[in-house]
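Please open the model in your viewer and set the display to show side chains as sticks. The tour below moves from one selection to the next and says what to look for at each stop.

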Amino acid sequence: MTGKAPHISRVGSVWYYSRRVPNDLLETVGKPFWRQSLRTKDKREASRLAATIAENHDELIDRMRSGGGEALEALKNTGVDVSAGASKEEIHDGLERAKVADAKWRDRLVKAGMLEANRLGVDVNTMMGFARSADALMNEAHDGFAKTLEKLADTATGNATTGAITGLLDDWKRTTEPARKTIVEAEAAVRRFNELHPDLDANEITPAHIRDFRSALLGMPKHVSRKVSALPLPSLVKWAEDNQAPLIAPQSAVKMLRLVKAILANADDAGLIESNPAAGITIKVRGTVVERLPFDAGQMSKILANARHARSSARPGDAWLTLLASYTGARQAELANLTKADIKQDPGGWHISILDDPENGKSLKTETSRRDVPLHPELIRLGFVKFVGASEDDLFDRNAAAFSKRWMRWLRDEAEITDRRLTFHSLRHTFKRACRDAGVLEEVHDALTGHSGGGVGRSYGRGVSMDRLHQAIRLLKF
């Protein structure tokens, strides 16, 4: 990422989102700044989170400017004194008295509920999600629209229904403690579900709602702009139909559906809902899963030669990621998250420590992924320790998608390795094969790669010693 990241500043080691409220909206908003902790020490993660919040604030500003004062008057005309801090019941009573049959009146009430939520400090992402849901119901019946406005009132007064699927998401996070990446994906899946079914309590969800959600997921377009992606799910599906856009891969829909199912299953186990409405509902994906293959000797020779040469290029980190993956068998994400402090020396030599650190955006795939992996003598000879010494705290660009795109472009276009079963992950398969060829015991190379391995006997003792791991690494030849 180049240039100054928008609207972020650091307080101590934690990054914050901070944005000045436009002068013409100061009276409406009631404070000079929007400010919130991004709960991360990683600047790249902070920039990503801030970009989403900034987009929502852009939309909030547009909505406020298109009749913000008029909207508050509309809410006051329902008999609710927002300046005194209305209760949930008072707002609900006011909405009951509202003339929601008139479209212009409805629009004012949406803005009013949104502004009241802003005044009471509701998270802007939540606020705008509810506002978009209300927009989607503009032309629907009085009852459906009134329910959405009531949810806006619940959110504004901090009394959101705990039985809603968003509440179940929070319980799932507390119970299962998933990786940060999984949490982000689950939050996105729940947001999409709420866009399709915005006025449902968790116990009102039926299998038919889940099947509708499945159909909508399969109708989502891929490769769209941020503006289009921000549309509520029903509008997004309609946009895809109207524009005959290519749709997302079924595997992507499978992931979102599985996350919603996992949240509901967790709630069912905990007795938070009467039954799991998603049980037995799946997405069948035609075709077979693409098997990853190891590289052959000639292909590895080409890959390693290019990486050695690229150490002095404009992107030396890309070269070292390739070399590390080749000589340690570690996953791309594990290596991309390495910091200077993760490169350590022990009596047997140098090693990398692969650890999870959620506060800094580092998560691991499995419990056994947490491990120390010795550095092959070839990595030392090529100057990896010197590279670390001259680097910032973060050794590599954590933008995994950008790195993968560059690496796969080189593999297909320049190295002319076009078999789709061969990818960056194939380096891990190649490492496992090299271990077997060198006679390294399975339990030892499982310890190197973070695989759990077989029988219960593996759980006894303290694993494989560091000395044994160094010996195994020195046996490997490529």
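**A tour of the salt bridges**

At 37% relative accessible area, aspartate 58 is partly exposed, and this residue makes a good starting selection in what is a predicted model. Add arginine 19 to the selection, and you will find the two side chains meeting in a salt bridge, with N and O 2.6 Å apart. The pair links distant parts of the chain, since arginine 19 belongs to strand β2 (residues 14–20) while aspartate 58 belongs to helix α2 (residues 43–65), 39 residues apart. Arginine 19, unlike its partly exposed partner, is buried, its relative accessible area being 12%.

Next, select helix α8 (residues 165–176), where aspartate 170 and lysine 173 lie three residues apart, about one turn of the helix. Their closest N and O atoms are 3.7 Å apart, and the two residues form a salt bridge. Both ends are partly exposed, aspartate 170 with 33% relative accessibility and lysine 173 with a relative accessible area of 21%. Now add Glu187 to the view, which is linked with Asp170 and Lys173 in a network of salt bridges.

Finally, move to helix α9 (residues 180–196) and select arginine 191 and glutamate 195, which are four residues apart and so separated by about one helical turn. These two residues also form a salt bridge, with 3.3 Å between the closest N and O atoms. Here glutamate 195 is buried, at 8% relative accessibility, whereas arginine 191 is partly exposed, at 39% relative accessible area.

To continue on your own, keep in mind that a search of the whole structure finds 17 salt bridges.

How values were computed:
Residues are numbered from 1 along each chain as its sequence is written. This is a predicted model: local features need pLDDT of at least 70, side-chain atom pairs count only at pLDDT 80 or more; totals for chains, interfaces and linings use all residues. Side-chain values use heavy atoms; hydrogens and water are left out. A salt bridge is a side-chain nitrogen of Lys or Arg within 4 Å of a carboxyl oxygen of Asp or Glu. Helices (H or I, at least four residues) and strands (E, at least two) are DSSP runs, numbered from the N terminus. Buried means under 20% relative accessible area, exposed over 50%, partly exposed in between (1.4 Å probe, protein chains only).
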